[in-house]
Amino acid sequence: EPASDGRRDAKFVDFIDVEKNYGSFQAVRRLNLSVGRGEFLTFLGPSGSGKTTTLNMLAGFERPSQGVITLDGKSVDRLPPYDRNIGMVFQNYALFPHMSVADNVAFPLSVRKYPKAEIAPRVTRALDMVKLERFKDRKPTQLSGGQQQRVALARALVFEPALVLMDEPLGALDKKLREHMQIELKQIHEMLGVTIVYVTHDQSEALTMSDRVAIFDSGSIVQIGTPDALYNEPATAFVAGFIGENNALDGEVESVGNGRCVVALPNGLKVAALAIGDLRPGAPVHLTVRPERIALSNANGQSDNRLQATVDGCIYHGDHQRLLARLASGQVLTVKIGPEATMAAGKAIELCWPASDCRAFPAGAVADGKPSNTGSGS
Ligand code: ATP
């Protein structure tokens with residue numbers, strides 16, 4: 001893979017041909033994945049796609065049915081969770097309700113038999129980091145959800161593990177607090193240089209914080225890469241639809257060549273696009289183009305695609321508007337436009353976009369919601 005993939009030092013964590021079966025059900029299918037030292041890697045995917053199962057195998061709560069997981073070059077197969085030196089944070093904070101904040105944070109140090117004199121300064125440092133020093137004598141029930149989650153974070157970091165696993169840690173918080181905590185988490189990650197493997201089903205959270213994101217679907221990683229690569233170069237229609245907003249147009253391949261194709265839409269419309277995967281003339285195809293990549297044409301504008309449309313509606317969002325534009329094929333596209341334009345329903349417009357901003361995927365890959373397994377898993 002190219003050096004720009006965000007990896008810092010490959011293989012601090014390594015999954016080699018790892019599978020997890022529950023009876024005849026495959027929760028995780030032959031997974032190969034390396035996490036670099038100091039990397040912030042996120043597992044992103046819909047519910048039931050295998051994220052937590054994969055994380056739990058790394059934590060030691062589940063054993064792989066097949067394959068090997070190594071941590072810093074050594075197999076963890078025979079290590080129980082508490083011997084893996086991994087910090088963990090979950091959605092339900094799992095704090096001890098009868099203990100003070102300071103005692104909660106001190107707990108991993110006591111269990112590990114740190115000398116008494118070392119515990120207090122470490123707890124202070126960990127609480128400082130999450131800005132909770134002045135709450136150290138409170139009980140968890142006397143804290144807000146966000147504060148409790150910070151205690152859980154301090155407790156996960158206090159023994160300075162090289163690896164921290166987080167499973168939907170911000171899931172219980174409201175949107176504003178969650179966004180605030182995302183920034184704090186990212187800052188702590190950068191300050192400590194700790195390796196973080198993070199699970200979420202919130203794509204904006206994944207894009208905001210991660211060095212790389214692994215997209216899970218039905219027990220497989222369908223694509224892994226930097227947020228930028230996933231957004232701009234989705235390898236499958238599933239990823240294109242899952243990351244950010246995308247318009248989807250179904251059509252049929254008319255011709256293919258040089259990595260591009262021409263797609264026929266209903267009513268004789270034609271669209272030029274990048275050909276992703278195996279496309280042949282006559283095959284059903286799924287086109288994607290992002291709302292911000294479609295322009296309203298100006299007279300001398302040049303573009304691979306220029307399509308007539310009529311305005312169906314326009315929704316004001318303060319800093320931009322979302323225009324619904326109906327093509328002659330009957331298909332409706334969302335277009336992101338500036339806040340100032342007035343677009344009355346029924347108005348005739350022209351939509352333009354270059355072929356390079358439009359991706360054509362084999363339609364079979366998403367038919368009936370089945371994933372494509374053609375993405376690279378490493
Ligand atoms: P979510 O975002 O909902 O937590 P996930 O991506 O983390 O989903 P997993 O919890 O890893 O998904 O579950 C993957 C699949 O394995 C699911 O279909 C789940 O029902 C199944 N599964 C998980 N644990 C077990 C178990 N102990 N026995 C049987 N099936 C299980």
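This report describes a predicted model of a protein with a ligand, moving from the overall build to single residues.

## Overall build

The model is a predicted one, and its protein contains eight helices and 20 strands. Along the principal axes, the C-alpha trace of the protein spans about 75 × 50 × 35 Å. Of the 378 residues in the protein, 37% are buried. Among the contacts in the protein with a separation of 6 or more, 67% join residues that are 24 or more positions apart.

## Two domains

The protein is divided into domain 1, which covers residues 3-237, and domain 2, which covers residues 245-362. The C-alpha centres of these two domains lie 39 Å apart, and the contact between them involves four residues of domain 1 and five residues of domain 2. On the side of domain 1 that touches domain 2, three residues are nonpolar and one is polar, while no charged residues are found there.

## The surroundings of the ligand

The ligand is surrounded by 13 residues, and the closest of them are Tyr 22, Ala 27, Ser 47, Thr 52 and Thr 53. By class, the shell around the ligand holds eight polar residues, four nonpolar residues and one charged residue.

Two elements, strand 2 (25-35) and helix 1 (51-59), each supply at least two residues of this shell, and helix 1 gives the most to it, with three residues. In helix 1, the buried residues are Lys 51, Thr 52, Thr 54, Leu 55, Met 57 and Leu 58; Thr 52 is also listed among the residues closest to the ligand. Just after helix 1 comes Gly 60, which takes a positive phi of about 100 degrees.

## Helix 3 and its two sides

Helix 3, made up of residues 116-129, has 14 residues and reaches 21 Å from its first C-alpha to its last, which is close to the 20 Å expected at 1.5 Å a residue. Val 123, Ala 126 and Leu 127 are buried in this helix. Seen down the axis of helix 3, its buried residues fall within an arc of 95 degrees, and therefore they line one face of the helix.

The buried residues of helix 3 pack against helix 2 (101-111) and helix 4 (145-157). On the other side of helix 3, by contrast, Ala 117, Glu 118, Pro 121 and Asp 128 are exposed. Just after the helix, Lys 131 takes a positive phi of about 60 degrees.

## Helix 5 and the loop before it

Helix 5, made up of residues 175-192, has 18 residues and reaches 26 Å from its first C-alpha to its last, close to the 26 Å expected at 1.5 Å a residue. It is followed by Gly 193, whose phi is positive, near 65 degrees.

Between strand 7 (163-167) and helix 5 there is a loop, and Glu 168 lies in it. Although Glu 168 is not a glycine, it has a positive phi of about 45 degrees. Glu 168 counts as partly exposed because it has 18 C-beta neighbours inside 10 Å, whereas 20 or more would be needed for a residue to be buried.

## Asn 258 in a loop between strands

Asn 258 is placed in the loop between strand 11 (247-257) and strand 12 (260-264). Its phi is positive, about 55 degrees, although Asn 258 is not a glycine. Asn 258 is exposed, because 6 other C-beta atoms lie within 10 Å and a residue with 12 or fewer counts as exposed.

## Ala 273 in strand 13

Ala 273 is found in strand 13, which is made up of residues 270-275. With 28 other C-beta atoms within 10 Å, Ala 273 is buried, since the limit for a buried residue is 20 or more. When residues up to four places away in sequence are not counted, Ala 273 touches Arg 260, Cys 261, Val 263, Leu 287, Ala 355, Cys 358, Arg 359 and Ala 360.

Ala 273 can also be set beside Val 76, from which it is 197 residues apart in sequence. In space, the distance from Ala 273 to Val 76 is 46 Å, taken from C-alpha to C-alpha.

Technical notes. Residues numbered from 1 in each chain as written. Predicted model: local features only at pLDDT ≥ 70, side-chain atom pairs only at ≥ 80, totals over all residues. Near = placed C-beta within 6 Å. Helix = DSSP H or I, 4+ residues; strand = E, 2+ residues; numbered from the N terminus. Nonpolar A, V, L, I, M, F, W, Y, C, P; charged D, E, K, R; others polar. Expected span 1.5 Å × (residues − 1). Contact = placed C-beta atoms within 7 Å. Arc of directions from axis to C-beta. Domains from an automatic or database assignment.
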